[in-house]
Amino acid sequence: MFLKGWNYLRGYVEIRVSGFSVERFMNLAVYRGVYLWDIRYTPKGVIMKVSVKGFKLLRPCAKKTKCRIKIISKNGYPFLAHRYRKRKIFGAGFIFFVAVLYVMSSFLWLVEIEGNERISSETLIQFCQDRGLKTGAYKKGFDKNLLENELMLSFSDLSWVNITVTGTRAHIQVTETIPHQELVNRDTPCDIIASKDGLITSIVTSAGTPLKKSKDVVQKGDVLVSGELVVKEDETGIIKQYVHSSAEVWAKMYNEISFTVPYTYTEKAYTGEAENYYTIQFFGKNFNLNFWKSGNSFSNYDKITYRNQLSFGENYPLPVILIKNQAREFIPIDKTRDREQAEELADRIVTSRILREFDFEADIVGKELEFIPEDDYLRVLAVITSLQRIDEERAIEAEK
Amino acid sequence: MARKPANAQKPKKDRKDLRLIFSNMLELPKEVALNLPLISITGNQEMEIENYKGVVEYTEERIRLNTSCGILKIEGKSLFLKQITTENMLITGKITKLEYML
């Protein structure tokens, strides 16, 4: 195997020797130090392989032994190179290709962040970008350890940072600290005020003087629990103490939601027809691949965009992003719904709005829908009854 | 003239015997001490001959080699000389018969 490769690299000739005594010729050649291999007997003569250098020594041997040499084939790299010696552009192109591959792979084409939950990826990427770690940056252009340290120092929420560069991909792995509990300073005196209007259903005070009781109606901003505490009251005067009051106050409240549900609506019926437009993003610049097409022929369509970054394996993403814009045709169909369907839809809308607009902690007690029919739509008035926490701290201004 | 080679032969033969005794005594490898061919055969497929002197005949069925202990005749089918150098020779093919002809 190894010998074969070496012979190929040096180049060899396959020859056919014929004459009265080929054996003598072989002996002579071997005696003169020519290496012969793959010698095969055929009725026409003996076929053998000999190196290019050895072949030059064979002529006198053949003359001496009166044998005739005929070249059957020339094999190996030197002959190949000789044949392609005029195709300089091909060679240059090959070298250029290798060079481009090498140069391209010495830049970063993808920066990934993993492990962050509270700190947004944008913030971290922006931070790294300002310090030289970005797509298109030279791999050795930034100090990895320095950047790791800077990240650690700048973001107090990070407990561990590791940057690994594999191929053209930079992988930033972070671990966030456990979120620390917000400390309540119990020394600063404060009141509890109402954050919303409502009817108090329960009030549990653990510190402070409650000013309201259950079944009181309060408005936003009313003081529910005062931090002012009367310690002693007699003829000499009143001794007051200000405390950091705390209480859990629940109140019942009504929220009104009003909206309309039209009886007519349009529905998208997809025809299954789709047109694809490809765009190549190369170094952040877009190149339209379908430049001969100007827009699509659909009057109604949805546009869906797919992005796909090309890469050599997993670790060598390239600065080329293939963007596929798909236009999917649909036909708008006008439809009408009757009263019953409209009410059903209204109910669903209310439910989804409750989920979206109310606090997670809120307790929905009741939901009443009122329908007011109009000519071409249904007016909906929903009253949501809910129990919510309304306590909010407000510091007492220093009076003393 | 006729006597001369006979005279020349005698000391040469003595020298050879002496070398044989010597190599036996010192347990030297005989192919080195006596310049004999060393033949190794792998099954009936491959045969390596070291220390041969020259090729006398080569066809597909028969190869005759000159060695220091006579002519070595190898018979077989589709015999193929894989490589030849001054010291050794590699024969592949189906070897059926080996014979020394003195």
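This report walks through a small sheet and some helices of chain A in a predicted model.

Because the model is predicted, local features need pLDDT of at least 70 and side-chain atom pairs count only at pLDDT 80 or more, while totals for chains, interfaces and linings use all residues. Residues are numbered from 1 along each chain as its sequence is written, and chains are lettered from A and ligands numbered from 1 in the order in which they are written.

**The sheet**

Let us begin with the strands. Helices (H or I, at least four residues) and strands (E, at least two) are DSSP runs, numbered from the N terminus. Two strands pair if DSSP finds at least two bridges between them. In chain A, three strands make an open sheet in the order β5-β7-β6, with mixed pairing. Strands β5 and β6 of chain A stand at the edges with a single partner strand each, so one side of each has no neighbour in the sheet. On average, neighbouring strands of this sheet are turned by 15 degrees against each other, direction ignored; such angles are taken between axes, which are lines fitted to C-alpha atoms (for helices over the stretch in contact), and run from 0 to 180 degrees between N-to-C directions.

The table shows how the two edge strands pair with β7(A), residues 169-176.

| Strand of chain A | Sense of pairing with β7(A) | Bridges |
|---|---|---|
| β5 (residues 110-114) | parallel | five |
| β6 (residues 158-166) | antiparallel | eight |

For β5(A), the bridge partner of A:E114 in β7(A) is A:Q173. On the β6(A) side, A:V161 stands opposite A:V174, and A:W160 faces A:T175. A hairpin links β6(A) and β7(A) with two residues between them, and A:G167 in the turn has a positive phi of about 65 degrees.

**A buried helix**

How much of helix α2 (residues 22-31) of chain A is buried? Eight of its 10 residues are, so the helix is largely enclosed by the rest of the structure. Buried means that 20 or more other C-beta atoms, placed from the backbone, lie within 10 Å of the residue's own. Among the buried residues are A:F25, A:M26 and A:L28. Just after α2(A), A:G33 takes a positive phi of about 85 degrees.

The axes of α2(A) and helix α3 (residues 52-65) of chain A come within 9 Å and cross at roughly 145 degrees. Residues in contact (C-beta atoms, placed from the backbone, within 7 Å) include A:F25 and A:L28 of α2(A) and A:L58 and A:C61 of α3(A).

Note on methods:
A residue is buried if 20 or more other C-beta atoms lie within 10 Å of its own, exposed if 12 or fewer, and partly exposed in between; C-beta atoms are placed from the backbone. Two residues are in contact if their C-beta atoms, placed from the backbone, lie within 7 Å.
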